[in-house]
Amino acid sequence: IRNLYLVRHGQTLYNMEGRIGGDSELTQQGLEQAEALGRHFRGFSIPYIFTSTRRRSHQTATPIYQGQDHCTVKALSEFDEINAGICEHMRYEEIKHKWPNEYRRRQKDKYHYIYPEGEGYITMKERVDKGLRKALYLSGNAEALMIVGHQAINRMILSYFLFRRTEDVPFIYIPQDQYFHIVSTQKKKLFEQVRFTG
Ligand code: G3H
């Protein structure tokens, strides 16, 4: 049996402003979510945590790591959020005004759309696969590992376990007050969504 805990970073300034991309830090609420995760996981054994290279991911992992007796934390750039290219740091409304064609094209086919000078869900898949392989390799035979990822990253990872059509993957709901727990046995995969605040 192997347990995968898939966590999304807590609320950031950019989340509050509706901006995408960037490397903003957690807000007070985000820090509280991270603390709540730390308290929640204190009774669990999480020997490996994989973050992205972004501050919000690392800040979220910190209280979880601090609540563990033995835990290795490793940042993998493969788990960095989708690169929105020319649209990084913008609000969707701004994108709609500044790049109306891009906005429309993404609305039409979000999975296959690739941001100019950036990525799309379709092009991100390969690096996320690579990140997962790395994480599984580095955690060896450990019973549990955690990934503290981002919205698009977690959607992609979840799509390996949920049977969703490709075009639905960019719309999977990834809340910031819940995490996903995937248990793999030789025969099957069990899946639960756990609320850790409120
Ligand atoms: O760009 C950052 C978002 O987390 C991805 O959201 O693919 O729904 O625009 P989106």
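# Working chat: strand β1, the annotated sites and a helix pair

Q: Why is Asn3 called partly exposed?
A: Asn3 has 17 other C-beta atoms within 10 Å, so it is partly exposed. The cut-offs are 20 or more for buried and 12 or fewer for exposed, so 17 falls in between. Keep in mind that this is a predicted model.

Q: Where does Asn3 sit, and what does it touch once neighbours within four places are left aside?
A: Asn3 is in strand β1. With those neighbours left aside, its contacts are Glu143, Ala144, His181 and Val183.

Q: What separates Asn3 and Leu145, along the chain and in space?
A: They are 142 residues apart along the chain, while their C-alpha atoms are separated by 6.4 Å.

Q: New topic. Which residues does UniProt give as "active site"?
A: The UniProt record, an unreviewed entry, places that feature at His9 and Glu81. They span 73 residues in sequence, yet their C-alpha atoms are no more than 10.8 Å apart, so they gather at one spot.

Q: OK, His9. Where is it, and is it buried or exposed?
A: His9 lies in the loop between β1 and α1. It counts as buried because it has 28 C-beta neighbours inside 10 Å.

Q: What is His9 in contact with, apart from neighbours within four places in sequence?
A: Arg56, Ser57, Thr60, Val148 and His150. Arg56 also appears in the "binding site" list of the unreviewed UniProt entry.

Q: And Glu81, buried or exposed?
A: Glu81 is buried, because 23 C-beta neighbours lie inside 10 Å. Its place is the loop between β3 and α4.

Q: Which residues does Glu81 touch, not counting those up to four places away?
A: Gly21, Ser52, Arg54, His150, Ala152 and Ile153.

Q: What is around the ligand?
A: The surrounding residues are Ile20, Gly21, Glu81, Ile82, Ala84, His150, Gln151, Ala152 and Pro170. By class, that shell has 5 nonpolar, 3 polar and 1 charged residues. Glu81 is thus part of the shell and is also annotated as "active site" in the unreviewed UniProt entry.

Q: What else does UniProt list under "binding site"?
A: The unreviewed entry lists Arg8, His9, Gly10, Gln11, Thr12, Leu13, Tyr14, Asn15 and Arg56.

Q: Take Arg8 then. Where is it, and is it buried or exposed?
A: Arg8 is in strand β1, residues 2-8. It counts as buried because of its 24 C-beta neighbours inside 10 Å.

Q: What does Arg8 touch, not counting residues up to four places away?
A: Gly149, His150, Gln151, Asn154, Ile174 and Gln176. Of these, His150 and Gln151 are also among the residues around the ligand.

Q: Where is Leu13 from that list?
A: In helix α1, residues 13-17. Leu13 is partly exposed because 14 other C-beta atoms lie within 10 Å. Leaving aside neighbours within four places in sequence, it contacts Ser24, Glu25 and Thr27.

Q: Switching to helices. At what angle do α6 and α7 pack?
A: Helix α6, residues 121-138, and helix α7, residues 151-159, pack at about 75°, with axes 10 Å apart. That makes α6 roughly perpendicular to α7.

Q: Which residues make that contact between α6 and α7?
A: From α6 they are Tyr121, Met124, Lys125, Val128 and Leu132. From α7 they are Ala152, Ile153, Met156 and Ile157. By class, that is 8 nonpolar, no polar and 1 charged residues.

Q: What about Thr123, where is it and how many C-beta neighbours does it have inside 10 Å?
A: Thr123 is in helix α6. It has 15 C-beta neighbours inside 10 Å, so it counts as partly exposed. Thr123 and Gln28 are 95 residues apart in sequence and 33 Å apart in space, C-alpha to C-alpha.

Q: Last one. What is phi at His89 and Glu117?
A: His89 has a positive phi of about 75°, and phi of Glu117 is near 65°, also positive. Most residues other than glycine have a negative phi.

Q: Where do His89 and Glu117 sit?
A: His89 is in the loop between β3 and α4, and Glu117 lies in the loop between α5 and α6. His89 counts as partly exposed because it has 14 C-beta neighbours inside 10 Å. Glu117 has 11, so it counts as exposed.

Notes: Residues numbered from 1 in each chain as written. Predicted model: local features only at pLDDT ≥ 70, side-chain atom pairs only at ≥ 80, totals over all residues. Axes fitted to C-alpha atoms, helices over the stretch in contact; angles between N-to-C directions. Helix = DSSP H or I, 4+ residues; strand = E, 2+ residues; numbered from the N terminus. Parallel < 35°, antiparallel > 145°, perpendicular 65-115°, else oblique. Contact = placed C-beta atoms within 7 Å. Nonpolar A, V, L, I, M, F, W, Y, C, P; charged D, E, K, R; others polar. Near = placed C-beta within 6 Å. UniProt positions renumbered as here; feature names shortened; annotations may be inferred.
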